[in-house]
Amino acid sequence: MSAVTVLERAQSVLEDDRRAIASAAGSLGQGFVDAVSILLAVQGKTLVTGMGTSGAVARRIAHLLSCGGTPAAFVSAADGLHGGLGLV
């Protein structure tokens, strides 16, 4: 792949991302404000759960919350059903 092709592809990807972010920003509303308010009011740990793909996303969300100063932990939904809620 030539340098020009690489640059064109990178620019195209970034432009696609820019459009997606602009679209997401325009869709923020009261639901977002409510979710942030709930998270800010939490005392203790925020538990995030999921299985499969949603579990992988939940794991990342728990990590990002923890990195941002909000104590958070991931609990697999299956583990929660089988006694893995000792964290709670």
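**Exercise 1. Find helix α3 residue Arg-59 and decide: is Arg-59 buried or exposed?**

Step 1: Look for Arg-59 in helix α3. Keep in mind that you're looking at a predicted model.

Step 2: Check the relative accessibility, which is 52% for Arg-59. The cut-off for exposed is over 50%, so Arg-59 counts as exposed.

Step 3: Now hop over to Ala-72. Arg-59 and Ala-72 sit 13 residues apart in sequence, and their C-alpha atoms are 9.7 Å apart in space.

**Exercise 2. Work out the order of helices and strands along the chain.**

Step 1: Count the pieces. You should get four helices and two strands.

Step 2: Walk along the sequence and write each one down as you meet it. The pattern comes out as α-α-β-α-β-α.

**Exercise 3. Which residues form the largest nonpolar core?**

Step 1: Collect the members. There are six residues: Val-48, Ala-58, Ala-62, Leu-65, Ala-72 and Phe-74.

Step 2: Ask where they come from. Helix α3 (52–67) and strand β2 (72–76) each give at least two residues to this core, and α3 has the largest share, with three.

Step 3: Zoom in on Val-48. Skipping residues up to four places away in sequence, Val-48 touches Ala-58, Ile-61, Ala-62, Leu-65, Ala-73, Phe-74 and Val-75.

Step 4: Compare with the general trend. In soluble globular proteins, nonpolar side chains tend to be buried together.

**Exercise 4. Take Thr-46 and Leu-40, and sort each one as buried or exposed.**

Step 1: Place them. Thr-46 belongs to strand β1 (residues 46–50), while Leu-40 lies in helix α2 (residues 30–41).

Step 2: Start with Thr-46. Its relative accessibility is 10%, so Thr-46 counts as buried.

Step 3: See what surrounds Thr-46. Leaving out neighbours within four places in sequence, Thr-46 is in contact with Leu-39, Leu-65, Thr-70, Pro-71, Ala-72 and Ala-73.

Step 4: Turn to Leu-40. Here the relative accessibility is 70%, so Leu-40 counts as exposed.

Step 5: Look at the company Leu-40 keeps. Together with Leu-28, Phe-32, Val-33 and Val-36, Leu-40 makes a nonpolar surface patch of about 480 Å².

**Exercise 5. Step back: how much of the chain is buried, and how much area does the chain expose?**

Step 1: The chain has 88 residues, and buried ones make up 15% of them.

Step 2: The chain exposes about 6,700 Å², with carbon and sulfur atoms supplying 64% of that area.

Step 3: Finish with the contacts. Of those with a separation of 6 or more, 55% join residues 24 or more positions apart.

Technical notes. Residues numbered from 1 in each chain as written. Predicted model: local features only at pLDDT ≥ 70, side-chain atom pairs only at ≥ 80, totals over all residues. Heavy atoms only, no water. Core = buried A, V, L, I, M, F, W, Y, C linked by side-chain atoms within 4.5 Å. Buried < 20%, exposed > 50% of the residue type's maximum accessible area, 1.4 Å probe, protein only. Contact = heavy atoms within 4.5 Å. Patch = residues over 30% accessible without salt bridge, like charges linked within 9 Å, V, L, I, M, F, W, Y side chains within 5 Å. Areas by Shrake-Rupley, 256 points an atom, 1.4 Å probe, with all protein chains shown as cover. Salt bridge = Lys/Arg side-chain N within 4 Å of Asp/Glu carboxyl O.
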